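Biologist: Could you take me through one part of this model up close? Start wherever you like, and then work outward from there.

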Amino acid sequence: MSAMKLFLYALLFSLLTACATPPSPVQVQLPDHPIDYLREVKPLLDKRCVVCHSCYNSPCQLKLSSYEGLDRGASKEAIYNADRLQT
């Protein structure tokens, strides 16, 4: 067996064994106070999520610009496909 093949097998083996080991769980510190949606959650959604998820034509039709959209959740129906030519 050539050195290059041996190296590739060793590399493949190390990659497979590294990927097979699941990461350890993330430790989360829960707040000791009730979470206020309007003060703590909505500003984060507005800053990070609403850019893409602000209408029903967004990915998964998940609308995060209102509590009602968040509560409704996402749709599993595919909205991006080649057959759809008009909005």
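Modeller: Let's start at Cys49, which is partly exposed, with a relative accessible area of 24%. Keep in mind that this is a predicted model, so treat every number here as computed from it. Buried would need a relative accessible area under 20%, so Cys49, at 24%, doesn't qualify.

Does Cys49 have a sulfur partner? Cys49 is in no disulfide. The nearest cysteine sulfur belongs to Cys52, and it is 9.0 Å away. Turn it around and you get the matching answer: Cys52 is in no disulfide either, and its nearest cysteine sulfur is that of Cys49, at 9.0 Å. A disulfide needs the two sulfur atoms within 2.5 Å, so a gap of 9.0 Å rules this pair out. For the chain, the count of disulfides comes to 0.

Now step back along the sequence to helix α2, which covers residues 37-48. It has 12 residues and reaches 15 Å from its first C-alpha to its last, close to the 16 Å expected at 1.5 Å a residue. Inside α2, Asp46 and Lys42 sit 4 residues apart, about one turn of the helix. An α-helix has 3.6 residues a turn, so residues three or four places apart point the same way. Asp46 and Lys42 do pair up: they form a salt bridge, with their closest N and O atoms 3.1 Å apart. Both ends of that bridge are partly exposed, Asp46 at 37% relative accessible area and Lys42 at 23%.

Go to the N-terminal end of α2 and you'll find Asp36 doing two things. Asp36 caps that end of the helix, with a side-chain oxygen 3.1 Å from the backbone nitrogen of Leu38. Asp36 also forms a salt bridge with Arg39, where the closest N and O atoms are 3.9 Å apart. The cut-off for a salt bridge is within 4 Å, so 3.9 Å still counts. Arg39 has another partner in Glu40, with the closest N and O atoms 3.8 Å apart. That links Asp36, Arg39 and Glu40 in a network of salt bridges. Side chains of opposite charge can pair when their charged atoms come close. As for cover, Arg39 counts as exposed at 59% relative accessibility, whereas Asp36 is partly exposed at 33% and Glu40 is partly exposed at 30%. With the Asp46 and Lys42 pair included, the salt bridges come to 3.

Leu38 also takes us further along the chain. Tyr67 and Leu38 are 29 residues apart in sequence, yet 9.3 Å apart in space, C-alpha to C-alpha. Tyr67 lies in helix α3, residues 67-72, and is partly exposed, with a relative accessible area of 47%.

That leaves the other helix, α1, residues 3-20, where you'll find Leu8. Leu8 is partly exposed, with a relative accessible area of 46%. Together with Met4, Phe7, Leu11 and Leu15, Leu8 forms a nonpolar patch on the surface, with about 510 Å² of accessible area together.

Zooming out, the chain has 3 helices and 0 strands, and from the N terminus on its elements run α-α-α. Of the 87 residues in the chain, 15% are buried. So when you go back to your starting point, remember that Cys49, at 24%, is partly exposed and does not count among the buried ones.

Methods: Residues numbered from 1 in each chain as written. Predicted model: local features only at pLDDT ≥ 70, side-chain atom pairs only at ≥ 80, totals over all residues. Heavy atoms only, no water. Salt bridge = Lys/Arg side-chain N within 4 Å of Asp/Glu carboxyl O. Buried < 20%, exposed > 50% of the residue type's maximum accessible area, 1.4 Å probe, protein only. Patch = residues over 30% accessible without salt bridge, like charges linked within 9 Å, V, L, I, M, F, W, Y side chains within 5 Å. Areas by Shrake-Rupley, 256 points an atom, 1.4 Å probe, with all protein chains shown as cover. Expected span 1.5 Å × (residues − 1). Polar contact = N/O pair within 3.5 Å; in protein donor to acceptor, adjacent residues only side chain to side chain.
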